[in-house]
Structure formats: structure tokens, C-alpha cells
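Trainee: I would like to go through this model step by step, with short questions and reasoned replies. Where should we begin?

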Amino acid sequence: MRWRIGDVTVTRIVESTFEGLEAFLPDATPKAVLKYGWLRPFLTDEGVLKFSIHALVIETPSRRIIVDTCVGNEKPREVFPIWHMLQTGFLDDLAKAGFEPESFDTVLCTHLHLDHVGWNTMLVGGQWVPTFPNARYLIERSEFAFLDTEGADAGQEQWARDMNAAVMADSIRPVVAAGLVDLVSSDHAVCDEVRLVPTPGHTPGHVSIRIDSRGESALITGDFIHHPCQLAHPEWSLTSDFDPARSAQTREGVFSGLAGTPTLVIGTHWPDPTAGRIARDAGAYRLDI
Ligand SMILES: [Zn+2]
């Protein structure tokens with residue numbers, strides 16, 4: 001799947017898909033979501049939420065950027081059995097789409113959760129080495145600081161702290177050690193067409209990616225929204241959000257700013273068709289595909 005925004009192209013490379021997430025979005029019951037006809041592409045017939053794990057490749061006239069590097073292969077993730085010790089053909093799929101790892105100049109992580117940083121590294125001879133050896137890896141400064149102190153916030157559950165530590169060890173520290181990481185601000189301009197936008201709440205330093213070219217615009221969400229049902233209910237935060245109230249505030253702010261505009265919104269976990277435009281709908285919002 002591919003979109004054009006002026007001179008910029010965005011290509012989706014899927015690693016995996018799954019259904020569910022009830023434990024993290026308990027408000028989104030089948031009864032609550034099936035009443036929205038426009039949501040049907042993003043639901044099973046039974047009203048279970050559908051999700052995708054994918055990377056988005058941004059090509060500008062001068063840059064090749066990969067946004068969020070999925071779960072990765074061979075990473076121990078016992079807490080999430082569907083992502084534990086994966087063996088996928090993600091790098092083959094990336095190459096088949098015309099993108100060799102060596103050809104990227106930039107890796108962008110919207111935040112440092114396991115399903116967004118996995119292919120930052122790969123296992124070679126028992127060592128985690130950078131998958132994109134010629135890229136600068138851009139990480140928002142406060143997001144890095146939060147994990148660097150092992151997410152030591154007392155409010156975080158133990159499993160989340162353990163997961164953060166594992167992610168740091170196999171997906172972040174090896175690229176830091178290789179000298180490939182630049183810590184950047186939450187409104188950093190990557191190039192003329194691409195910049196970060198602060199969208200905090202899901203994690204402390206979460207960012208989304210804004211693309212502007214020749215009068216056209218797009219926003220890559222990251223995880224400030226996980227599923228389009230949160231357009232109908234911006235107040236539905238994930239139970240695992242770092243600051244659920246802030247994440248709800250972020251959604252309302254972004255949605256109200258984009259509603260009725262031609263900005264293409266590309267969802268980081270939205271299954272087919274993955275992108276659309278936001279419209280106001282009955283006191284909240286919907287996605288027009
Ligand atoms: Zn995610």
C-alpha cells in the first residue's frame with residue numbers, strides 16, 4: 001500500500017496482523033463499536049478490533065526514512081506470546097518493495113515500545129547489530145531519558161518496566177553504542193517535508209510524524225491513537241497508556257485540528273485501508289476512507 005503527498009511517497013510494509021486487545025481497550029466492546037458503520041473495515045464480523053503491525057517508508061526527493069521498525073526477529077518477548085521470538089520475512093518484504101536496509105538514511109521511532117523499535121537491530125553471530133547501518137536513528141530526548149532510567153517511575157507495573165529494560169538492551173543500546181543515535185526535540189524538523197509533532201500521553205515523549213509537500217499534508221499517528229474506534233470515542237485510552245488523561249487530551253486536540261481538512265491520516269496500527277481523513281461526527285469524529 002502506497003500514498004503520495006506532493007513529492008513524498010509513503011509505503012506500508014506489514015510485519016503481522018492480529019485481532020483483540022480487549023484487555024487494553026476494555027471500553028471498545030463489540031456492542032459499542034458495531035454501531036458505527038464506517039468502522040466496519042477495521043472490525044471482524046463479530047465486532048473484534050483488527051490491528052496491523054507495519055513500518056512506513058517515507059521517500060522525499062532527498063531522503064529515505066523508515067518510521068517504526070515493528071517487533072523484529074528472535075527477540076524474547078514472553079509477556080506478549082504473539083510477538084515472542086518472531087521469525088518473519090520482514091526484511092525480504094522490505095527489499096522486495098525496493099528498500100535495502102543499507103539504503104535508509106534515517107530511522108524514526110514514534111516511541112520506544114517493543115512493536116516500534118524491533119528491527120532497529122538484528123541478531124548476527126549472537127550479537128544485536130544495527131539493521132540500518134547507514135542511518136541516523138532519531139529518538140525524542142525525553143522518551144529516551146524515560147527508558148534510560150529503566151522507566152523507573154514507581155507508577156509503572158513491573159512487567160512494563162521489565163519490558164522496557166529488555167527493549168533498551170536489545171533494540172536501543174546497540175544502536176547507541178554504534179554511534180548512530182541522535183536525541184532530538186519533540187518538534188524536530190527532519191527535512192523540508194518531514195517533522196515531528198509532540199503527541200504525549202501513550203508514553204512521555206511520544207511523537208507523530210507530519211509530512212507537508214506541495215500543499216498536501218499527512219500525519220503518521222504512532223500510538224497516540226491505536227484504533228479508529230478512538231475517533232468515535234477520543235476519551236477511550238489504553239489501560240497501559242503512561243498518562244491516560246493526557247493521551248485523551250492529545251487525541252481530542254489532534255482530531256479537532258484535522259477534522260474537515262484534507263490532511264491524510266495514516267494509522268500506525270490501522271489495518272487495511274490504513275489511512276483516511278478525519279471528519280466531525282455526532283459530537284466526536286469518524287474516518288472517511
Ligand atoms: Zn504500538
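Mentor: Begin with a definition: the expected span of a helix is 1.5 Å times one less than its number of residues. Keep in mind throughout that this is a predicted model.

Trainee: What span should helix H7 have at 1.5 Å a residue?

Mentor: Helix H7 covers residues 244-258, which makes 15 residues. The distance between its end C-alpha atoms agrees with the expected span, because both come to 21 Å.

Trainee: Which residues of H7 are buried, and how wide is the arc they fall within?

Mentor: A residue counts as buried if 20 or more other C-beta atoms lie within 10 Å of its own. In H7 that holds for Ser247, Thr250, Arg251, Val254 and Phe255. Seen down the helix axis, these buried residues line one face of H7, because they fall within an arc of 120 degrees.

Trainee: Which residues are exposed on the other side of H7, and what do its buried residues pack against?

Mentor: On the other side, Ala245 and Gly257 are exposed. The buried residues of H7 pack against helix H6 (229-232), strand S14 (275-281) and strand S15 (284-288).

Trainee: Arg277 is found in strand S14. Is Arg277 buried, partly exposed or exposed?

Mentor: Outside its neighbours within four places in sequence, Arg277 is in contact with Pro262, Thr263, Leu264, Val265 and Asp288. Its C-alpha atom is separated by 9.4 Å from that of Ala218, 59 residues apart along the chain. Because Arg277 has 16 C-beta neighbours inside 10 Å, the class is partly exposed.

Trainee: In what order do the 7 strands of the open sheet lie?

Mentor: The pairing in this sheet is mixed. Its edge strands are S1 (2-5) and S9 (181-184), each pairing on one side only. Neighbouring strands are turned against each other by 25 degrees on average, direction ignored. The order is S1-S2-S3-S4-S5-S8-S9.

Trainee: How many bridges join S1 to strand S2, and which residue stands opposite Arg2?

Mentor: S1 and S2 (residues 8-19) run antiparallel and are joined by 4 bridges. The residue in S2 opposite Arg2 is Thr11.

Trainee: Helix H4 lies across two strands. At what angle does H4 run to S8?

Mentor: H4 (residues 141-148) lies across S8 (136-140) and S9. Its buried residues are Glu143, Phe146 and Leu147, and they line one face of the helix because they fall within an arc of 90 degrees. They pack against S8 and helix H5 (158-177). The angle between H4 and S8 is about 80 degrees.

Trainee: Strand S12 has two partners to account for. In which sense does S12 pair with S11, and in which with S13?

Mentor: S11 (residues 207-213) and S12 (residues 216-220) share 5 bridges in the antiparallel sense, with Asp212 opposite Ser217. S12 and S13 (residues 264-266) share 3 bridges, and Ile220 has Ile266 as its bridge partner. So as not to mix them up, strands of a sheet can pair either parallel or antiparallel. For S12 and S13 the sense is parallel.

Trainee: Which two residues touch the most other members of the largest nonpolar core?

Mentor: Nonpolar side chains tend to be buried together in soluble globular proteins. The core here has 71 residues, and its largest share, 6 residues, comes from strand S3 (residues 50-59). Val67 has contacts beyond four places in sequence that include Ala55, Leu108, Ile209 and Ile220. The two residues asked for are Ile58 and Val67.

Trainee: Where is the cis peptide bond?

Mentor: Most peptide bonds are trans. In this model the exception to name has an omega of about 0 degrees, and its proline lies in the loop between S13 and S14. The bond joins Asp272 and Pro273.

Trainee: Leu21 and Ala282 both have a positive phi. Is Ala282 buried or exposed?

Mentor: Leu21, in the loop between S2 and helix H1 (30-34), has a phi of about 70 degrees. Leu21 counts as partly exposed because it has 18 C-beta neighbours inside 10 Å. Ala282, in the loop between S14 and S15, has a phi near 50 degrees. With 8 other C-beta atoms within 10 Å, Ala282 is exposed.

How values were computed. Residues are numbered from 1 along each chain as its sequence is written. Two strands pair if DSSP finds at least two bridges between them. Axes are lines fitted to C-alpha atoms, for helices over the stretch in contact, and angles run from 0 to 180 degrees between N-to-C directions. Two residues are in contact if their C-beta atoms, placed from the backbone, lie within 7 Å. A nonpolar core is a set of buried Ala, Val, Leu, Ile, Met, Phe, Trp, Tyr and Cys residues joined through C-beta atoms within 7 Å. A residue is buried if 20 or more other C-beta atoms lie within 10 Å of its own, exposed if 12 or fewer, and partly exposed in between; C-beta atoms are placed from the backbone. The arc is that of the directions from the helix axis to the C-beta atoms.
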